[in-house]
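Welcome! Here are some short exercises to work through with the model open beside you. Try each task before you read its solution.

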Amino acid sequence: MAKLDILEYPDPRLRLKAHQVTAFDAPLAKLAADMLETMYAAPGIGLAATQVNVAQRLLVLDVSEDHDAPRVFINPELLESRGTEVCQEGCLSFPGMYADVQRKDWVHVRAQDVTGKPFEIETDGLLAVCIQHEMDHLIGKVFVDYLSPLKRTLLLRKLEKQRRHAG
Ligand code: NI
């Protein structure tokens with residue numbers, strides 16, 4: 001396994017739309033394993049292929065406390081959703097940035113595993129939020145897109161400042 005580089009906002013590649021995965025082969029399994037390793041090392045609870053510069057509809061996540069429940073979603077599709085909830089979100093492409101985002105509270109999603117086998121999941125809470133956040137990455141959308149222009153400006157200014165100090 002290998003750690004991958006995570007693209008950081010405002011890298012334009014974060015805006016690319018990912019393609020449907022059609023080959024469920026060894027390179028795909030390796031990509032999923034590398035993405036999980038990268039996510040755990042960051043550390044984070046979710047990572048979309050878009051964030052590691054791979055334009056394929058693949059995301060990984062693990063919202064468990066012990067980091068022992070890795071999940072891989074390939075070609076995820078939202079079938080149904082209900083309710084709303086506001087949750088504080090962060091993103092590995094926005095290090096150190098957090099903001100409240102309104103999402104659906106409950107989702108029903110269909111996806112495939114690394115072997116191509118289809119599965120469905122109905123879930124709520126943090127897992128539902130995380131799935132929606134990562135699915136957005138696959139269509140080139142990031143969480144700051146949900147913020148008001150003022151809030152977005154403040155957050156991005158903070159990100160800039162933080163980068164200058166780091167550099
Ligand atoms: Ni993210």
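The exercises below visit the metal site, the sheet, and a few single residues.

This is a predicted model, in which local features need pLDDT of at least 70, side-chain atom pairs count only at pLDDT 80 or more, and totals for chains, interfaces and linings use all residues. Residues are numbered from 1 along each chain as its sequence is written, and side-chain values use heavy atoms, with hydrogens and water left out.

**Exercise 1. Find the residues that coordinate the nickel ion, and place them in the chain.**

Step 1. Look for donors, meaning N, O and S atoms within 2.8 Å of the metal (3.2 Å for Na, K and Ca); water is not among the atoms, so sites may look incomplete.

Step 2. The SG atom of Cys-91 and the NE2 atoms of His-133 and His-137 coordinate the nickel ion, at 2.1 to 2.2 Å.

Step 3. Along the chain, these donors have the spacing C-x41-H-x3-H. Cys-91 sits in strand 3 (residues 71-91) and His-133 in helix 2 (residues 125-138), so this pair, 42 residues apart, links distant parts of the chain. Helices (H or I, at least four residues) and strands (E, at least two) are DSSP runs, numbered from the N terminus.

**Exercise 2. Decide whether Cys-91 is buried or exposed, and look for disulfides.**

Step 1. Buried means under 20% relative accessible area, exposed over 50%, and partly exposed in between (1.4 Å probe, protein chains only).

Step 2. Cys-91 has 9% relative accessibility, so this residue counts as buried.

Step 3. A disulfide is a pair of cysteine sulfur atoms within 2.5 Å, and by this rule the count is zero. For Cys-130, the nearest cysteine sulfur belongs to Cys-87 and is 9.6 Å away. Cys-130 is buried too, with a relative accessible area of 5%.

**Exercise 3. Work out the order of the five strands in the sheet.**

Step 1. Two strands pair if DSSP finds at least two bridges between them.

Step 2. The strands form an open sheet in the order 1-2-3-4-5, with antiparallel pairing.

Step 3. Strand 1 (46-48) and strand 5 (118-124) have a single partner strand each, so they stand at the edges with one side lacking a neighbour in the sheet. From one strand to the next, the twist averages 40 degrees; axes are lines fitted to C-alpha atoms, for helices over the stretch in contact, and angles run from 0 to 180 degrees between N-to-C directions.

Step 4. Seven bridges join strand 4 (residues 94-112) to strand 5. Arg-110 has Glu-120 as its bridge partner, while His-108 has Glu-122. Five residues lie between the strands of this hairpin, where Gly-116 takes a positive phi near 95 degrees.

**Exercise 4. Describe the surroundings of Leu-79.**

Step 1. Leu-79 belongs to strand 3 and, at 32% relative accessibility, counts as partly exposed.

Step 2. Contact means heavy atoms within 4.5 Å. Leaving out residues up to four places away in sequence, Leu-79 touches His-108, Val-109, Arg-110 and Glu-120.

**Exercise 5. Find which backbone nitrogen lies 2.8 Å from a polar side-chain atom of Asp-34.**

Step 1. Go to helix 1 (residues 26-41), where Asp-34 is placed.

Step 2. The backbone nitrogen is that of Ala-2. Asp-34 itself is buried, with a relative accessible area of 5%.

Note on methods:
A polar contact is a pair of N or O atoms within 3.5 Å; within protein, one must be able to donate a hydrogen and the other to accept it, and residues adjacent in sequence count only if both atoms are side-chain atoms.
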